[in-house]
Amino acid sequence: MNIQPANRLESVSEYYFSRKLKEVAKMNAQGSNVINLGIGSPDLPPSKETVAVLCEQAIRPNVHGYQPYTGIPELRNSFAQWYKRWYNVDLDPSTEVQPLIGSKEGILHVTLAFVNVGDGVLVPNPGYPTYTSLSTLLGANVIPYDLKEENGWLPNLEEIERTVDLNKVKLMWTNYPNMPTGANASMELYRKLVDFAKKHNIVIVNDNPYSFILNEHPLSILSIEGAKECCIEFNSMSKSHNMPGWRIGMLASNSQFVQWVLKVKSNIDSGMFRPMQLAAARALECEESWYTEMNEVYRRRRSLAGDIMAALGCSYDKEQVGLFLWGRIPNDCQEVEELTERILHQARVFITPGFIFGSNGKRYIRISLCCNEVMLAEALERIKRIEKA
């Protein structure tokens, strides 16, 4: 037999972390005890009340069936109330909120709902690799736009207008607070993006999972007047509520956009476990003190991550927000992977090389804050030892 995979698989490679974590697992099996500072998977738990609701509901006999494709009303209502409380955005929970099995799923659904084969999709460089890989798999024309340190990792919309035929562009992916760079959002940026979208008849999709991490003022693009007409915003409970394995996120937009996405989604999945949705609704009711305590932990970790950057000779912007620390490698280092591979195999510390996020990341590394202080301190000592050798 001569069975071949679909041609679309030739356009993408296996996800970097999928490949690299196999290598790390093999090293650990051989006794290396690698400290993983590469993955943004929060190691802190959700609130106690959240877990209690899950346990209480999961033992009920009548909660194990299929759930509505739109998500249960309790979760939609909680998302709408959460947006009003923290972002001052009014959402109709019945028509303008769509729960998702994580934002990654949403990237697929939105692309399927809006993009025809050959349509242009603007993706940030550096940026989350899934924006590019899923767009490529679905036959879109991926058009990277530059984010540069000298411009504060913000898009240069005038440059995009000069260099891109925007008549052929359907979507633009943005991600603020930004991953991997830690650049923060601003109302000025969001106003410019909304104006840009309306001027060029483009849908802006803002991925917003990091706005509660080390960030004093969470913002939403939907708070800009008229944004719902041309924008979709993703949010996720993975980072903001320490629930990455639960796979619960959402998108918000106007009712027509939400309905188009639902048309795709309802043909792909069958909803989330009801007790998880009820527990997520409870998590969204957390008081400000819960977020404050979480960020106090991240702030201490951030300090140690900064010490690791210094030990490696890397520079970084101390105003970054979010779940990672993004640093520029020293000038005497020829390639970023030369540094990260040496640290992995000599210090047994896994740090993410920035090139996986795009060509503009090739002189940078990213350190995750999803590792406790003891392990971060141990990683620092290991790195110091090999740097002195």
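Start with the overall size: for 389 residues, a compact globule would have a radius of gyration near 21 Å, and this chain comes out at 21 Å, so the two agree. That radius is taken over C-alpha atoms, and the globule rule is 2.2 Å times the number of residues to the power 0.38. The C-alpha atoms fill a box of roughly 60 × 60 × 55 Å along the principal axes. Keep in mind that this is a predicted model, where local features need pLDDT of at least 70, side-chain atom pairs count only at pLDDT 80 or more, and totals for chains, interfaces and linings use all residues. Residues are numbered from 1 along each chain as its sequence is written, and side-chain values use heavy atoms, with hydrogens and water left out.

Now for the parts list. The chain has 13 helices and 13 strands. Helices (H or I, at least four residues) and strands (E, at least two) are DSSP runs, numbered from the N terminus.

Let's take the sheets next. Strands of a sheet pair through backbone hydrogen bonds, either parallel or antiparallel. Here, two strands pair if DSSP finds at least two bridges between them. One open sheet has 7 strands with mixed pairing, in the order β2-β8-β7-β6-β5-β3-β4. Its edge strands are β2 (97-100) and β4 (141-146), each of which pairs on one side only. From one strand to the next, the twist averages 20 degrees. Look inside this sheet and you'll find β5 (residues 169-174) running parallel to β6 (residues 203-207), joined by 4 bridges. Leu171 stands opposite Val203 of β6.

Two helices lie across part of that sheet. Helix α3 (residues 73-87) crosses β2, β7 (231-236) and β8 (249-252), at about 100 degrees to β7. Helix α9 (residues 255-265) lies across β2, β6, β7 and β8, and runs at about 30 degrees to β2. For these angles, axes are lines fitted to C-alpha atoms, for helices over the stretch in contact, and the angles run from 0 to 180 degrees between N-to-C directions.

Stay with α3 for a moment, as it also has a helix partner. Two packed helices are described by the angle between their axes and the distance between the axes. α3 and α10 (residues 274-283) pack at about 25 degrees with their axes 8 Å apart, which makes them roughly parallel. The cut-offs are under 35 degrees for roughly parallel, over 145 for roughly antiparallel, 65 to 115 for roughly perpendicular, and oblique for the rest. The crossing of α3 with α10 is left-handed; that term applies if the near helix is turned anticlockwise from the far one by less than a right angle, and right-handed applies if clockwise. Glu74, Leu75 and Ser78 of α3 meet Arg274, Gln277, Leu278, Ala280 and Ala281 of α10, where contact means heavy atoms within 4.5 Å. These residues divide into 4 nonpolar, 2 polar and 2 charged. In this scheme Ala, Val, Leu, Ile, Met, Phe, Trp, Tyr, Cys and Pro are nonpolar, Asp, Glu, Lys and Arg are charged, and the others, Gly among them, are polar.

Further along the chain there is another open sheet, with 4 strands in the order β9-β10-β13-β12 and antiparallel pairing. β9 (315-316) and β12 (352-353) are at the edges with a single partner strand each, so one side of each is left without a neighbour in the sheet. β9 pairs with β10 (residues 324-328) over 2 bridges, and Ser315 stands opposite Arg328 of β10. Helix α12 lies across β12 and β13 (364-368), at about 35 degrees to β13.

Helix α12 (residues 336-347) also meets α1 (residues 16-29): their axes come within 11 Å and cross at roughly 20 degrees, so α1 is roughly parallel to α12. The contact involves Lys20, Glu23, Val24 and Met27 of α1 with Glu341, Leu344 and His345 of α12.

Finally, some backbone oddities. Most residues other than glycine have a negative phi, and most peptide bonds are trans. Asn125 and Pro126 are joined by a cis peptide bond with omega about 5 degrees, and Pro126 is in the loop between β3 (120-125) and α5 (129-137). The bond from Met179 to Pro180 is cis as well, with omega near 20 degrees. Leu214, in the loop between β6 and β7, has a positive phi of about 55 degrees although it is not a glycine.
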